[in-house]
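Q: Could you take me through a close look at how the two chains are arranged and where they meet? I am new to this structure, so please explain the terms as you go.

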Protein chains: 2
Amino acid sequence: MRNITDRELKSASLTQLKQDCEELREEIFRTVSVCGGHLASNLGAVELTVALHRVFDFPKDKLVFDVGHQCYTHKLLSGRANKFHTLRKRGGLSGFPKREESEYDCYGTGHAGTALSAALGFAKARDLKGEDYEVIALVGDGSFQNGLVYEALGSIKILKSRVLLILNDNGLSISPTVGGMHEILEELKGGSGDVKLFERFGLTYRGIVNGNDLGELLPALEEAKERLKEGSVLLHVVTKKGQGYPFCERAPVETHGVSPSAAEREYSTALGEELCALAEKDGRIVAVTAAMTDALGLRGFFGRFPDRAFDVGICEEHASVLCASMAAAGLKPYYAIYSTFLERAFDEVIHDICAQNLPVTLCIDRAGISGADGETHQGAFDLSYLSFIPNLAIAIPKDIGELRAMLRLSANYPAPLAIRYPREGTEGEVLPLEIGKFEVLHSNMSDIVLLAAGERCLKLAETVRLKLSGEGMDFTLVNARFLRPLDEELLLSLGKSYIFTLEDNMLAGGLGDAVARFYRERGIRKTVMSFGYGDRFIPHGQPRELMESFGLDPAAVEGAIRRAYAGG
Amino acid sequence: MRNITDRELKSASLTQLKQDCEELREEIFRTVSVCGGHLASNLGAVELTVALHRVFDFPKDKLVFDVGHQCYTHKLLSGRANKFHTLRKRGGLSGFPKREESEYDCYGTGHAGTALSAALGFAKARDLKGEDYEVIALVGDGSFQNGLVYEALGSIKILKSRVLLILNDNGLSISPTVGGMHEILEELKGGSGDVKLFERFGLTYRGIVNGNDLGELLPALEEAKERLKEGSVLLHVVTKKGQGYPFCERAPVETHGVSPSAAEREYSTALGEELCALAEKDGRIVAVTAAMTDALGLRGFFGRFPDRAFDVGICEEHASVLCASMAAAGLKPYYAIYSTFLERAFDEVIHDICAQNLPVTLCIDRAGISGADGETHQGAFDLSYLSFIPNLAIAIPKDIGELRAMLRLSANYPAPLAIRYPREGTEGEVLPLEIGKFEVLHSNMSDIVLLAAGERCLKLAETVRLKLSGEGMDFTLVNARFLRPLDEELLLSLGKSYIFTLEDNMLAGGLGDAVARFYRERGIRKTVMSFGYGDRFIPHGQPRELMESFGLDPAAVEGAIRRAYAGG
């Protein structure tokens with residue numbers, strides 16, 4: 001679409017602005033249909049973003065998006081319209097704000113709850129440097145349940161600075177918003193609310209404003225900007241997720257994020273099915289999620305076991321402690337979460353779950369490269385940040401069938417267990433397995449073995465094996481399905497000099513390091529060569545192309561094996 | 001002291017109970033004077049704990065302490081009086097609740113903010129299992145600022161369960177409590193407050209109760225227990241930190257935690273001095289702490305630069321984002337924090353600081369084994385959880401002088417930098433150094449090199465070297481002062497076959513793994529043998545004895561070098 005400049009926006013008539021909004025909405029819809037991305041949230045935020053660009057002066061003023069998935073209109077209005085068709089493609093525009101992409105993106109986000117903290121940092125820096133600009137944090141009501149927002153609220157008075165906090169309230173996080181703060185906001189919307197709470201935190205409250213109606217929104221924003229001269233302001237804006245597209249308005253959860261295609265099976269479906277089957281037989285089983293019921297495959301479980309299914313909102317830390325204590329009290333909790341979001345609960349995984357050796361099962365979805373959402377959503381750290389935690393077992397299924405087998409195993413496993421898997425894969429058989437036992441998929445007399453973890457790496461290894469075995473360069477292939485405990489018996493019995501490891505994770509702290517350490521600690525000399533992700537953040541793109549960019553691809557592995565065959 | 005049983009407490013007169021309290025107080029004072037530990041907080045909570053034991057029925061009822069440092073009276077009242085003299089000693093009683101220590105400790109804690117989440121987990125498990133007991137969370141007002149408490153508050157209505165939340169309000173976290181919630185609580189204490197906020201979260205509010213006056217406390221607790229039948233209750237109790245000991249009452253910050261001795265110099269003193277000197281010259285420098293100003297050595301900085309020093313309360317996540325955004329806005333933030341508490345900000349270190357490559361300096365105190373506080377306070381994970389984060393440099397000073405040099409270096413370092421150091425050490429010279437450059441302390445023609453990181457490991461290595469060199473078994477000794485970036489040039493130039501690494505950290509994911517990977521990736525054959533902590537949580541005890549228990553001691557290293565000299 002054409003570039004709409006802030007100068008145009010500032011002089012446009014209301015009628016023209018409304019037309020611009022429709023044009024932006026169409027562009028977003030068209031692009032997301034092709035590239036995938038966040039649809040309903042962006043459709044809901046079009047007017048609000050246009051109004052912000054009209055009233056404020058970006059990039060001099062600073063706009064911080066919470067999560068950042070609702071930034072598409074902002075990108076279209078800040079000189080990036082001509083690149084918008086590259087959204088979420090490798091080398092193209094990110095689906096989230098990125099400092100390196102534009103000076104209009106003053107702060108990169110991706111995980112919930114950071115915007116108010118970040119805005120306060122900008123505001124305080126402005127004060128200390130004697131600069132002159134305004135700072136706006138745009139936060140959804142889903143994020144408002146997150147502890148980080150509360151911590152930042154507590155700092156407004158401590159920091160003695162001024163920010164404009166816009167609460168974009170659509171009544172939904174990804175799943176419908178729940179919890180105490182949600183009720184406070186609902187009361188405010190109903191007209192019976194009490195604004196003193198926010199005043200105590202140092203915010204002047206202004207609401208309720210219809211965030212899809214420019215006629216109401218523009219004067220409210222102008223007024224908030226005026227009040228901001230005196231101190232921090234909370235502007236409570238109500239928007240409709242999916243605004244303008246009736247099927248999105250009707251199904252905001254389903255159209256929150258949209259994928260361009262969905263050919264393969266999803267691991268999450270198996271999670272839901274297996275948990276239901278297990279819960280049918282075992283009344284101790286409960287499921288916990290932090291506002292991601294559907295994406296994690298738990299909708300069925302929530303329907304069948306409503307008393308044993310808990311969506312606690314975007315509260316990853318709290319969900320972990322809740323699981324730990326439920327386990328301490330004799331239940332069998334399953335905590336389903338994306339790999340990248342489990343980073344938020346790192347401390348609680350260590351101290352609440354593992355230090356107390358409690359039987360919580362972490363079902364870690366979107367592990368490894370997750371793709372088009374980029375840096376903040378890749379799941380390439382989990383093996384590294386879990387592999388040194390005592391008492392924790394870590395399982396990596398080779399396919400969906402093996403995830404099922406691991407879940408069945410977990411039902412009687414008496415200690416913490418993490419199972420990490422990508423979004424999509426193939427079904428596969430459900431075969432019994434033991435904790436800490438690898439599976440030899442193909443045995444061969446050569447001096448070479450490949451230890452591969454997870455479906456992507458095993459498929460890659462099998463591709464290479466089929467090719468090279470035809471040339472007489474076969475090798476042993478092992479499904480290294482437990483990072484903790486390692487299969488010590490198998491590792492000791494392998495009479496191979498060349499050990500290749502393949503993992504969909506950072507090289508530092510992953511399977512390769514663990515296998516190499518295993519041999520080092522025993523004084524056994526092996527050549528351990530590892531494939532995985534090197535020392536840089538992984539941008540957005542398709543998993544396969546990103547894996548290739550790190551040398552985790554058939555050609556690179558094939559070359560290494562050829563060299564080993566050649567004797568070095 | 002004698003064992004006071006709950007049965008005695010339940011039948012005792014008020015006069016007798018008051019005498020018991022004095023006896024408990026004396027026992028705590030006497031023991032902490034010898035063993036070290038948390039003094040002021042425990043003195044303040046004596047009456048409250050006695051009242052809880054009188055009114056409730058432990059261990060059937062469940063009492064969850066937030067942080068847990070105020071649990072001494074509870075330990076004395078639950079059959080552990082005869083072991084209380086072993087407090088914080090290796091093999092003795094832990095200074096925190098521990099499930100394996102007593103069935104009265106239903107849930108282990110150590111980090112702030114978990115108690116309400118944990119209590120809700122117990123309560124929900126009770127409901128689902130059809131059991132009959134009460135659950136009490138005892139939370140200090142300092143923890144009340146932590147995001148995790150807010151996340152748990154939001155869950156009270158979601159979980160539809162009943163807990164008694166006791167807010168033990170002494171107006172202090174470790175440093176004086178600050179922030180928006182603090183003001184809400186202060187208003188309540190002043191009689192002008194509004195209890196609706198808590199009601200919206202599903203809590204019936206009851207306050208203010210003098211928590212050091214049993215005459216007021218006991219009927220209030222009885223009433224709260226009655227109300228608890230209908231739903232969750234918040235009992236707001238005001239206690240005096242240090243109660244009964246005038247010098248503790250006057251200096252609650254200084255007597256929060258007490259060490260049995262303090263012979264060595266503290267790294268934190270140097271942090272404070274250097275930051276002041278740097279800030280004098282560079283107006284961009286700011287310091288941020290999460291309620292630990294004094295222990296981190298920042299009292300002087302806060303005094304000299306009050307506008308550039310921020311104590312945001314027990315909000316480790318928020319503090320990280322604040323630092324990241326201040327850096328994005330052109331300031332130079334230093335975030336001082338204990339190693340174990342930085343785990344709380346793991347996600348923000350990755351996504352806010354490092355993914356955006358922002359020049360935040362993490363000053364990580366109490367790194368490595370911290371000692372007597374045990375599992376939840378050891379700093380033995382930080383190298384593992386930081387070593388795989390792209391863009392982050394990690395420095396490990398060999399002494400306090402080198403910490404000073406690293407801080408001076410940091411002033412112009414344009415990217416994220418972590419400096420990790422233990423509490424105590426020796427002063428040492430301040431010599432210029434470069435990022436990613438090791439220091440060869442002793443060079444020798446043998447085939448053996450020791451790469452040691454940090455003061456403890458370097459002292460250990462030097463002890464071994466002095467002994468073995470006298471026997472003609474000298475080796476090269478290197479101060480491996482950067483885990484990231486490694487000194488690649490030096491590692492490549494080392495013509496040694498035997499590389500020993502020593503680190504005050506878990507073996508998994510630490511220096512040893514990084515060095516071994518460095519050689520593996522380049523196809524260079526070396527024997528890399530690593531000393532550090534193996535795969536278990538590190539309990540309480542003295543650092544030296546704990547290190548020994550993991551084979552990180554002179555005898556073990558000496559033996560390994562003798563074997564290398566003997567040819568394998």
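A: Turn chain B by 180 degrees, with 0.0 Å of shift along the rotation axis, and it superposes on chain A with an RMSD of 0.0 Å; the fit is by least squares on the C-alpha atoms of residues with pLDDT of at least 70 in both copies. That is the relation of a two-fold axis. In chain B, the C-alpha nearest this axis belongs to B:Gly147, 1.7 Å away from it.

A word on the model itself: it is predicted, so local features need pLDDT of at least 70 and side-chain atom pairs count only at pLDDT 80 or more, while totals for chains, interfaces and linings use all residues. Residues are numbered from 1 along each chain as its sequence is written, and chains are lettered from A and ligands numbered from 1 in the order in which they are written.

Now for the meeting place. Here 89 residues of chain B are in contact with 90 residues of chain A, contact being C-beta atoms, placed from the backbone, within 7 Å. The same surface serves both copies, as 100% of the contact residues of chain B recur in chain A. On the chain B side, helix 7 (residues 147-159) gives the most, with twelve residues; helices are DSSP runs (H or I, at least four residues) numbered from the N terminus. That side of chain B divides into 43 nonpolar, 23 polar and 23 charged residues. In this count Ala, Val, Leu, Ile, Met, Phe, Trp, Tyr, Cys and Pro are nonpolar, Asp, Glu, Lys and Arg are charged, and the others, Gly among them, are polar.

Conventions
Two residues are in contact if their C-beta atoms, placed from the backbone, lie within 7 Å. Helices (H or I, at least four residues) and strands (E, at least two) are DSSP runs, numbered from the N terminus.
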